[in-house]
Amino acid sequence: MTEIPAYEPAVVERKWQQFWEDTQAFVARDDLPREQCYYVLEMFPYPSGRLHMGHVRNYTIGDAVARYKRMRGFHVLHPMGWDSFGLPAEQAAIERGAHPRTWTYENIAYMRAQLKRMGFSYDWTREFACSDPGYAAREQDIFLDLVERGLVYRKSSLVNWSTGLECVLANEQVIDGKCWRTGMPVVQRELPQWYLRITAYAEELLAGLDELEGHWPEAVITQQRNWIGRSQGAEIDFAIEGHPGLKLTVFTTRPDTVFGVTFMSVAPEHPVLPRIVPATHREQLAAFTAEVRSVSAHERLGDTATKKGLFTGAYAINPVNDERVPIYAANFVVADYGTGAVMAVPAHDERDHAFARAYGLPIIEVIRPPAERQTPPIAEAAYTAPGVLTERCGIFAGMDSEQAKRAITDWLAQRGCGRAVTTYRLRDWCVSRQRYWGNPIPFVYSESLGATPLKKSDLPVLLPDDVVFDGRGNPLDKHPTWATTGSDGRPLVVRGPHGLEPARRETDTMDTFVESSWYFARFACHDNRRPDLGCAGPLDRQRVDHWLPVDLYIGGIEHAVLHLLYARFFQKALCDLGYSSKREPFKRLLCQGMVCMETFFRQDASGKPEYFYPDEVEIERDGKGRIVRAVAKRDGLPVQVGRVEKMSKSKRNTVDPQQLIETYGADTARLFVLSNVPPELDVVWSDDGVRGSHRFLKRLWHIVHAHAAELRGVAAYAGKAQALVGRDQAIVRKVHAVIKRCTDALERDFAFNTAIAQCMELLNELEPAHLRPEVLKLALTTLVRLLAPICPHICEELWEALGGVGGISAAGWPAYDEAEMLGDSIEYPLQINGRLRGKLTLPRELSGEELERAVRAHPAFRAALGERALSKLIIVPGKIINAVVA
């Protein structure tokens, strides 16, 4: 009897990982025809310290695709890098005393080792981190190109200011009006900020979504369309009473309601207010503005925020009827959004209606609902639907409101106080961040020149290492010499109109979304350098155009708007800068589902939950896998089982991938995360599922090694199924059917779960003792080739055991012949009143009345029918038989 070696995943996996590294199996070439190439990329990670199961699933999907495409004959680019700038590194410096650079690169080293242990087929020769001096310097090059193109500007705007950290916070970092880290109040402060002019590409970004239909998830396309938010409307100029030449300009999508304006809502920061507010109201306005700024942007502008206003003492003149309308400063209007002013029509806008009722302002109906429509009185609720203009609307009275939009806009344009306008909800991208660990913005300031871009010959601007992290403000502002010293160590100067004058560096650094907006292009030419090193510019256009667009981009749907929209904008800008001709970066987008798990918790006296890690809880399940008992191991007392949620550290429903790999091996982890559901759906963690995946691999290992010696010198069966009989014929037909189903599933939507199920089914049907050796060789070599993209280590080992040479990728993806899938007979499922009651095997050539007679005469059909009367017989040829009985 053949001695079967033990399946030791760690040994097998290290062996083949070393083989791949030694043979440089995954290094991509740039000189092959594009139609033979495939670029697959997963969104690169922030190096937080350790992989989590979300990483494992995301990268396993990408790796399985990359390996599958290689086996299909493609030359694959599959790179990996690190989104390594960002605030968490500074927080680590404050909390642990580790320099951000040290902390970041130690994490990169650890996570790189984890990725290699998973056997991911990355081209590590192209690896880079965004904080590498080379990448950061090339990004500064591009930033200066954007400046020259007119796509960069600086202006003052309101930001969330943490009074504790003394820095700017994103809206997501403000919780109940307080800083997420310190708990100190957050206020609004006006600061100069750097912006990228993404709005210059708004129409192209919107139109480009049409090309992505069918290749990107519809949910992502819809979110981007809504975020860009194209609106057709009118700008209308309202003169200011007593101030000739001054005006308030508003944008509205409802010019048909302009006859119903009863007040104006203006941002407290609007630049026109200081010029028009009478002295009697200035003190009140200053106090109101200070109150508005004393809260975060979310508290001011959120859906649940209280709408507040203050009469400024000034009046505007409605251009359509010359009526005076009071001007209110309102907390829900922002100076840098739209025009910073809104014409208020309380009869036909819900927010204006609530404000008018709160402040006792008139509500005047100018759109009458259709006679057949029942609506509340206008004093009680705004009417916002289409209708007919009332007599108050002068020459437009009686006109349909939709037609009136165009007519009134044209009329205003003729009078010189309005115009048709297309606007976008999309705002320009603020890229300023007041922190150390980011890419420096290559500008300096001097007294006579103001903000001045550096010359490319002055790049790169490098971060200083000797900084102090005290948790307050931007460390770069506090460095004694960095901002005023040139790269040559001399005082920083610029040439002004009267000669050299002192200069000071910009201490803001770039938003980390800038780094992730072009990294996919840099992977195509990772070794491109400065002109003085022999290569031109940050990107090599020839190689960028060779590899872009990325054939398959994989990442979470939470990046639907910001990252994916910024990357699309950046790619278009790079084209206009001459770095590429491919205006869309990603051809196909796959948004993978999350890894989820039950939560375990107890509530304390205040109702606050205390969460438990799964290994801290003793669990009993019933036969259907439902938890019937859960107690804490530390005290034996019950814990509650919460709903299945995304794995997260805060709720402790996590599994350490490292422990999983050490226990079961990387192939088991890979098989499990791909086996249950399609990639775009959430997968629910199951210890039993992991053990089941491991058992399947051990079964495959056992059956191959049990017959490897006798099969090594045997050629796999390559003849026709018709030349065989019995189980041999059935298995050959099954092999071709499984190959087709696996191929169809992966070509259609990378449904690896379907492929895995087919492979499991084929393994279940193998009865080696009853098969000819060449048929068994065909079945087993097919199995390991089909599973190779998913479980590459064990499949390489088993391929070698079966006599394969040159690595399993070189063997290629197995081919099928549809004719070989068809037998001389068909096995029909037999249903009685819709319930499966057996199977009938009938000749394939039967059809029509012959088929029905054969069914009625079949002993198995008559036995299933019994004494019951047949009411109807439904036969779907080649598919199913359904008998309806009384």
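Four strands form an open sheet in the order 34-33-36-35, with mixed pairing. Strand 34 (835–843) and strand 35 (870–876) stand at its edges, each with a single partner strand, so one side of each has no neighbour in the sheet. From one strand to the next, the twist averages 20°. The model is predicted. Its protein chain has a mean pLDDT of 92.

**Pairing in the four-stranded sheet**

- Strands of a sheet pair through backbone hydrogen bonds, either parallel or antiparallel.
- Strand 33 (residues 825–832) pairs with strand 34 in the antiparallel sense, over 8 bridges.
- Across that pair, Ile826 faces Leu842 of strand 34.
- Strand 33 also pairs with strand 36, this time in the parallel sense and over 3 bridges.
- Here Gln831 stands opposite Asn882 in strand 36.
- Strand 35 and strand 36 run antiparallel and are joined by 6 bridges.
- Val876 has Ile880 of strand 36 as its bridge partner.
- Strand 35 and strand 36 form a hairpin, with 3 residues between them.
- Gly878 sits in the turn of this hairpin and has a positive phi of about 80°.

**The helix on the sheet**

- Helix 26 (residues 848–857) packs on the four-stranded sheet.
- Helix 26 touches strand 33, strand 34, strand 35 and strand 36 (880–885).
- The direction of helix 26 makes about 125° with that of strand 35.

**A three-stranded sheet**

- Another open sheet has 3 strands in the order 20-19-23, with antiparallel pairing.
- Strand 20 (450–453) and strand 23 (504–505) are its edge strands, and each pairs on one side only.
- Strand 19 (residues 443–446) pairs with strand 23 over 2 bridges, in the antiparallel sense.
- Within this pairing, Val444 stands opposite Arg505 of strand 23.

**Helix 18 and its surroundings**

- Which residues of helix 18 (residues 657–664) are buried? They are Pro657, Gln658, Leu660, Ile661 and Tyr664.
- These buried residues cover an arc of only 160° around the axis, which puts them on the same side of helix 18.
- An α-helix has 3.6 residues a turn, so residues three or four places apart point the same way.
- The cover over the buried residues of helix 18 includes helix 1 (9–22), helix 2 (53–71) and helix 4 (100–117).
- Helix 19 (666–675) and helix 20 (687–711) are also included in that cover.
- Asp656 caps the N-terminal end of helix 18. One of its side-chain oxygens lies 3.0 Å from the backbone nitrogen of Gln658.
- Gly665 follows helix 18, and its phi is positive, near 100°.

**A buried glutamine**

- Gln193 lies in strand 7 (residues 186–196).
- Is Gln193 buried or exposed? Its relative accessibility is 1%, so Gln193 counts as buried; the cut-off for buried is under 20%.
- Leaving aside neighbours within four places in sequence, Gln193 is in contact with residues including Tyr153, Arg154, Lys155, Ser157 and Val159.
- Its contacts also include Cys430, Ser432 and Gln434.

**Confidence**

- In the protein chain, 98% of residues reach a pLDDT of 70 or more.
- Over residues 530–534 the pLDDT is below 50.
- Beyond near neighbours in sequence, the stretch 530–534 has 9 contacts in the model.

Technical notes. Residues numbered from 1 in each chain as written. Heavy atoms only, no water. Buried < 20%, exposed > 50% of the residue type's maximum accessible area, 1.4 Å probe, protein only. Arc of directions from axis to C-beta. Contact = heavy atoms within 4.5 Å. Polar contact = N/O pair within 3.5 Å; in protein donor to acceptor, adjacent residues only side chain to side chain. pLDDT = per-residue confidence, 0-100. Pairing = 2+ DSSP bridges. Axes fitted to C-alpha atoms, helices over the stretch in contact; angles between N-to-C directions.
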